[in-house]
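Visitor: Could you take me through one part of this model in close detail? I would like to start from a single side-chain contact and work outwards from there.

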Amino acid sequence: MNSMIAVRRSVRTAGPRLTPSLIESLRSPSFWTYSSWLDIAAKYRGSVLGLAWLVLPTAIFVTLLGNVYSHLMGYQIGEYMPYLATGYVVWRFMLQVINDSSGTLHSHKAYIMDGRVRLTDFLLRSFAKAGLQFLFGMIVVVAVVLWFQSWQGLLSLATMLLTMPLLLANLFWISVCVGLIGARFPDTRDAIGTVLVAGFLLTPILWMIDRFPPDSLRGFLARLNPAYHLIDLVRSPVLGHLPEKSSVIVALVMCVVGWCLASWLYRRYARFVALWV
């Protein structure tokens, strides 16, 4: 009797580990890098402007909304445009990773059923596609910052070597959790899309966080938004100053707790994905 219970417990807890799977995927990047680039290249192959479409929507969005909202809200356009451009590009990167991760396991059903069960390959593919668009979006950010400001805070800009990996680490554990939940519940993608639309309005992207001091109630509530802290990791160095200490602390706590959660979920449920999809 005791031996049967032990066997059941071992079966229940046995499963692939997240960190070794991620390391193997990073060592063999050909699948998730080349296939992501081919998807993007094939999408714009027949268009007249080609890969310029990866830059134009961001440029048009920032130019139009930057000019309109700076006047509506009484912001200085030279201060507001870089703030908007950086926040929007980082938010769009986060949104694309999370939204794509929620359905990536279903979209790669054929690979999974064929025996490719290292799920981190498919999650990294979401990162690669969003990352390519993020790099093209940063072209707009660089142009806006150079036009309205000048990069004088090179030391703060160098902090992105530490803060950008922290952002990616947080996004990865979120994508693992969202990917597994999305594999089990197909409605997850629609639900997340609805939440992210509301999150865009509640996150300081179109409006500046400086209007809400940290010691005020509204400032406290605005800083409860984890997306603000993740965006601040990249936006502040680009704008020439260090991220808020609270943003770094929140991001570190999220990373530790989130990775523990994602590691447990991956080991517990990754082996069931072939049945769910």
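Guide: Let's begin with a pair of side chains: those of serine 35 and arginine 125 are joined by a polar contact of 2.8 Å. Please keep in mind that this is a predicted model. If neighbours within four places in sequence are set aside, serine 35 is in contact with Ser30 and Arg125. Is serine 35 buried or exposed? With a relative accessible area of 16%, serine 35 is buried, because the cut-off for that is under 20%.

Serine 35 belongs to helix H3, which covers residues 30-44. From first C-alpha to last, the 15 residues of H3 reach 21 Å, close to the 21 Å expected at 1.5 Å a residue. Serine 35 has company in being buried: Phe31, Trp32, Ser36, Ile40 and Tyr44 of H3 are buried too. Looking down the axis of H3, you would find its buried residues within an arc of 165 degrees, so they line one face of the helix. Tyr34 and Leu38, on the other side of H3, are exposed. And what covers the buried residues of H3? The cover includes helix H2 (18-27), helix H6 (109-113) and helix H7 (120-148).

Another helix worth a look is H5, residues 77-107. Its 31 residues should span 45 Å at 1.5 Å a residue, and the end C-alpha atoms are 42 Å apart, which agrees. There is also a kink in H5, of about 40 degrees and centred on serine 101. As for its surroundings, H5 is largely enclosed by the rest of the structure, because 24 of its 31 residues are buried.

Finally, the cysteines. How many disulfides does a search of the whole structure find? The search finds zero. For cysteine 177, the closest cysteine sulfur is that of cysteine 260, and the 11 Å between the two sulfurs is too far for a bond. Cysteine 255 is in no disulfide either, and its nearest cysteine sulfur, again in cysteine 260, is 9.3 Å away. For comparison, a disulfide here requires the two sulfur atoms to be within 2.5 Å. Cysteine 177 is buried, at a relative accessible area of 8%, and cysteine 255 counts as buried at 15% relative accessibility.

Notes. Residues numbered from 1 in each chain as written. Predicted model: local features only at pLDDT ≥ 70, side-chain atom pairs only at ≥ 80, totals over all residues. Heavy atoms only, no water. Helix = DSSP H or I, 4+ residues; strand = E, 2+ residues; numbered from the N terminus. Expected span 1.5 Å × (residues − 1). Bend = angle between axes of the 7 residues up to and from the residue. Buried < 20%, exposed > 50% of the residue type's maximum accessible area, 1.4 Å probe, protein only. Polar contact = N/O pair within 3.5 Å; in protein donor to acceptor, adjacent residues only side chain to side chain. Contact = heavy atoms within 4.5 Å. Arc of directions from axis to C-beta.
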